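Hi,

Here is the structure I promised to pass on. Have a look at it first, and then read my notes below.

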Amino acid sequence: MMYLFEAIRCLPQLKSLIVVNAHEAMLPALVENLPNNLRQFKLHMVQGDIPSICLDALASHPNLRKIDLEPEQSIDIGRLVSSVSIQCIKIRGVIFSMDETHMEGLADALSCNPGSSLKSLDMEPSMEFSSWKHLADALRFHTRLESLEVSVVTNTFDEADAAAIVLAELLQVNTTLTHIVNKTNDTLNVAEETVNGPVLDAL
């Protein structure tokens, strides 16, 4: 396998790489040998985690623009935000939820890098309301992100109302975000007065 990775590194014309059925043990050698001119990287995991050291290596890649990851469990996605080149991050997965610690790390990374290159963030795994609030608070002053797709799950009517209000407050202060989608299959039962009040005011 190592010979294959070394061969990939010797392909300067390679712009896009898709790796499926990956195992954790192979990842360090894989990311170490990504060609410098690579623009898009898609990874599908079947065994193990995506180690933080590999996320750091992806973040430091000089020319990566789009990363599409399908892990088996929550990852420390905030490590990718420090990149000076990554513009699009997509995290796939419906069999797990985003860990709240990882979401707090993402919020901290966005707060510390308000002018990062990131323009699109798409997270398919579900997140709790508290994680959504951390993320929205961090995005209030982020000046580059244009598209946000999340899967916010609320457990009570009060949480659904609060999630909508958080969104409205975010839209009122962040003029860069032009595309926001909640991808969850669960219905957000938001009170009519919330819709007709803070949500409409934000629009």
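**What I found**

Asn21 counts as partly exposed, with a relative accessibility of 47%. Before going further, please keep in mind that this is a predicted model. Asn21 belongs to strand β1, which covers residues 16–23. What caught my eye there is the backbone: Asn21 is not a glycine, yet its phi is positive, at about 55°.

The other spot to look at is a patch of negative charge on the surface. Its members are Asp99, Glu100, Glu104, Asp108 and Glu128. Helix α4 (residues 100–112) gives the largest share of this patch, namely three residues. Glu128, by contrast, sits in strand β6, residues 127–128. How exposed is Glu128? Its relative accessible area is 38%, so Glu128 is partly exposed. Patch members need over 30% relative accessible area, and Glu128 clears that cut-off with its 38%.

Now for the protein as a whole. The fold contains seven helices and nine strands. Of the 203 residues in the protein, 45% are buried. If you take the contacts with a separation of 6 or more, 70% of them join residues 24 or more positions apart. As for the outside, the protein exposes about 10100 Å², and 51% of that area is supplied by carbon and sulfur atoms.

If you open the model, I'd start with Asn21 in strand β1 and then go over to the negative patch with Glu128.

Cheers

Conventions:
Residues are numbered from 1 along each chain as its sequence is written. This is a predicted model: local features need pLDDT of at least 70, side-chain atom pairs count only at pLDDT 80 or more; totals for chains, interfaces and linings use all residues. Side-chain values use heavy atoms; hydrogens and water are left out. Helices (H or I, at least four residues) and strands (E, at least two) are DSSP runs, numbered from the N terminus. Buried means under 20% relative accessible area, exposed over 50%, partly exposed in between (1.4 Å probe, protein chains only). Contact means heavy atoms within 4.5 Å. Accessible areas come from the Shrake-Rupley method with a 1.4 Å probe; for residues, only the protein chains shown count as cover. Patches are made of residues with over 30% relative accessible area and no salt bridge: like charges are joined within 9 Å, nonpolar side chains (Val, Leu, Ile, Met, Phe, Trp, Tyr) within 5 Å. A salt bridge is a side-chain nitrogen of Lys or Arg within 4 Å of a carboxyl oxygen of Asp or Glu. Lys and Arg count as positive and Asp and Glu as negative; His and the chain ends are not counted. The place of a charge is taken as NZ of Lys, CZ of Arg, CG of Asp or CD of Glu.
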